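Me: Please take a close look at the aromatic residues of this structure, and then place them in the setting of the nonpolar core.

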Amino acid sequence: MNASIELQVISRILTSQDAAEVETLCGFDASYYSVLQPQIRFILNHREKYGEIPDPFTFQAEFQNLTIVKVAEPLTYLIEGIGRNK
């Protein structure tokens, strides 16, 4: 379960066009992740340094073995899931 919700949140962060949604999901720091901590740290560090999250290509270049997935779940599901993950 952990890896699933973590991958869903990371995928939504990388693909969302909704700035408020990205802001909300980036509010969960690496302590909420157990399996994909290096990946979320990369995203959050990139955001801190450049003011934006990395684009999917930049992310995939860094983490070639991780596939970004399409996420259709509502934001509330992702928030609840990553909250339980901690």
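Reply: In this predicted model, one aromatic cluster is formed by Phe42, Phe59 and Phe63. A search of the whole structure finds four aromatic pairs. Within the cluster, the ring centres of Phe42 and Phe63 are 5.5 Å apart and the planes stand at 80°, so this pair is edge-to-face. Phe42 belongs to helix α3, whereas Phe63 lies in the loop between α4 (56–62) and α5, so the pair ties together parts that are 21 residues apart in sequence. Phe63 counts as buried because its relative accessibility is 15%, under the 20% cut-off.

Another edge-to-face pair joins Phe28 and Tyr32, with 5.0 Å from centre to centre and 85° between the planes. Phe28 is likewise buried, at 13% relative accessibility. Over the ring of Tyr32 sits the charged end of Lys86, 4.6 Å from the ring centre.

The third cluster member, Phe59, leads to the nonpolar core. The largest such core has 23 residues, and Phe59 is among those that touch the most other members, together with Val9, Ile10, Ile13, Tyr33, Ile40 and Ile43. Helices α1 (2–15), α2 (19–25), α3 (37–50) and α5 (75–85) each supply at least two residues, and α1 gives the most, with six. Leaving aside residues up to four places away in sequence, Ile13 touches Val22, Leu25, Cys26, Tyr33, Ile40, Ile43 and Ile53.

Helix α1 also holds Gln8, which is buried at a relative accessible area of 16%. With the same sequence neighbours left out, up to four places away, Gln8 touches Val71, Glu73, Tyr77 and Leu78.

Note on methods: Residues are numbered from 1 along each chain as its sequence is written. This is a predicted model: local features need pLDDT of at least 70, side-chain atom pairs count only at pLDDT 80 or more; totals for chains, interfaces and linings use all residues. Side-chain values use heavy atoms; hydrogens and water are left out. A nonpolar core is a set of buried Ala, Val, Leu, Ile, Met, Phe, Trp, Tyr and Cys residues joined through side-chain atoms within 4.5 Å. Buried means under 20% relative accessible area, exposed over 50%, partly exposed in between (1.4 Å probe, protein chains only). Helices (H or I, at least four residues) and strands (E, at least two) are DSSP runs, numbered from the N terminus. Contact means heavy atoms within 4.5 Å. Rings of Phe, Tyr and Trp (its six-membered ring) pair if their centres lie within 6.5 Å; planes under 30 degrees apart count as stacked, over 60 as edge-to-face and the rest as tilted. A charge sits over a ring if NZ of Lys or CZ of Arg is within 6 Å of the ring centre and within 35 degrees of the ring normal.
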